[in-house]
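Student: I have this model open and would like to take a close look at its salt bridges. Could you walk me through them, and then through the parts around them?

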Amino acid sequence: MIIRSALIEHWVARESSPVDWCEKNYVVTAAIAEFGNTFSSLPMIFLPATCLITNVWDSFSTLVSKGAYIQMFFMIGIGMASMYVHSTLSLLAQFFDEIGIAWSLFMGYSFLLPNQHRPKFYFGNHAHILSTSICIILTVFWYTFPYLNGFILMSLSLPILFIHVVEIAKYKNPDTIHITKITVALLSVAMLAWMGDIFMCSLCRKLFIPGLHSLWHVMISLGAYLTVTIFAFRKAVSDAPSVEPTIRYLTWKGIGIPYVHCVKRETLLSPN
């Protein structure tokens with residue numbers, strides 16, 4: 001019982017995580033540690049949940065890859081874990097949040113990275129096995145440096161930003177260049193907000209600049225979803241020649257959520 005109580009105290013107890021963000025704790029309510037950081041995680045849940053409910057990614061999933069739907073489930077899990085960690089600041093919550101991000105990143109690379117951007121050893125089942133192995137290693141050794149995990153994850157995500165920049169500079173695909181520029185802007189602002197919340201907390205408090213980490217949540221939610229959309233479109237164009245992809249929008253009161261719709265080329269050519 002003593003060991004069990006100690007484990008619970010170490011992992012589950014409030015503020016057992018070594019990471020504490022700039023937002024002042026328990027200001028709005030005694031039940032939630034970081035109120036703004038908790039509820040700014042909702043877009044990470046609502047965006048993919050809307051896509052799952054409406055089945056707008058079905059054609060891409062059927063004709064190209066299951067990767068988009070895998071990312072939708074990961075995003076929902078990450079959003080829920082983020083709300084958990086910011087409402088409690090517990091070590092277990094931090095584990096769920098950061099391990100979810102790691103698995104999402106490598107499953108995204110494995111399933112959605114277009115072949116033109118892959119190294120020679122990172123194709124097909126080899127990519128899936130390698131990504132799964134890396135994720136298992138990261139999961140096992142996560143506890144070694146809990147304070148540094150955020151920086152490690154940020155480094156592992158940098159190839160995504162690099163690929164976006166290369167696409168803008170080199171390929172200039174007219175179907176995706178505008179949305180890619182928006183995504184680069186969102187991801188850049190998100191990363192700056194994340195670092196500012198860590199390294200400039202005192203200055204931000206003095207200048208009454210609130211919510212940099214909340215801004216990170218909103219920007220990264222939008223940027224991550226748009227990245228899935230862009231990578232999915234590029235994968236369909238470069239890796240599935242029998243498929244004709246288009247970016248469509250699920251609209252509601254003037255708000256549009258982009259997604260990739262796919263049809264077989266012979267369907268387009270066949271007479272009615």
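Tutor: Gladly; we will start with the salt bridges and then follow the helices outward from there.

Please keep in mind that this is a predicted model. The count of salt bridges comes to three.

Let us begin with R234 and E167, whose side chains meet in a salt bridge at 3.6 Å, N to O. This pair links distant parts of the chain: R234 belongs to helix α11 (residues 212-239) and E167 to helix α8, and 67 residues separate them. Are these two partners buried or exposed? R234 has a relative accessible area of 6%, so it is buried. E167 is likewise at 6%, which means that it counts as buried. The cut-off behind both calls is a relative accessible area under 20%.

If you stay on helix α11, you will find the next bridge there. K235 forms a salt bridge with D239, and their closest N and O atoms are 3.0 Å apart. Both K235 and D239 lie in α11, four residues apart, which is about one turn of the helix. Here the two ends differ in cover: K235 counts as buried because its relative accessibility is 10%, whereas D239 is partly exposed because its relative accessible area is 23%.

The remaining bridge joins R265 and E244, whose side chains meet at 2.3 Å, N to O. R265 lies in helix α12 (residues 265-269) and E244 in strand β1 (residues 243-252), so this pair ties together parts that are 21 residues apart in sequence. Both partners are partly exposed: R265 has a relative accessibility of 35%, and E244 has one of 27%.

Now go back to helix α8, where E167 sits. That helix covers residues 149-171 and also holds S157. With a relative accessibility of 15%, S157 counts as buried. What is S157 in contact with, leaving aside its neighbours within four places in sequence? Its contacts are L105, Y109 and M191.

Helix α6 (residues 91-112) is worth a look next. It has 22 residues, which at 1.5 Å a residue should span 32 Å; the end C-alpha atoms are 31 Å apart, so the two values agree. Helix α6 is also mostly covered, with 17 of its 22 residues buried.

From there, turn to the surface. L192, M195, F199, M200, L203, L207 and I209 form a nonpolar patch with about 700 Å² of accessible area together. Which helix gives the most to this nonpolar patch? Helix α9 (residues 177-199) does, with three residues. L192 has its place in α9, and it counts as exposed because its relative accessibility is 58%.

Finally, some backbone angles deserve a glance in the loop between α1 (2-11) and α2 (35-39), where E15 lies. E15 is not a glycine, yet it has a positive phi of about 60°. Its relative accessible area is 46%, so E15 is partly exposed. Y26 is in the loop between α1 and α2 as well, and its phi is near 55°, again a positive value in a residue other than glycine. Y26 has a relative accessible area of 25%, which means that it too is partly exposed.

Terms used
Residues numbered from 1 in each chain as written. Predicted model: local features only at pLDDT ≥ 70, side-chain atom pairs only at ≥ 80, totals over all residues. Heavy atoms only, no water. Helix = DSSP H or I, 4+ residues; strand = E, 2+ residues; numbered from the N terminus. Buried < 20%, exposed > 50% of the residue type's maximum accessible area, 1.4 Å probe, protein only. Contact = heavy atoms within 4.5 Å. Salt bridge = Lys/Arg side-chain N within 4 Å of Asp/Glu carboxyl O. Expected span 1.5 Å × (residues − 1). Patch = residues over 30% accessible without salt bridge, like charges linked within 9 Å, V, L, I, M, F, W, Y side chains within 5 Å. Areas by Shrake-Rupley, 256 points an atom, 1.4 Å probe, with all protein chains shown as cover.
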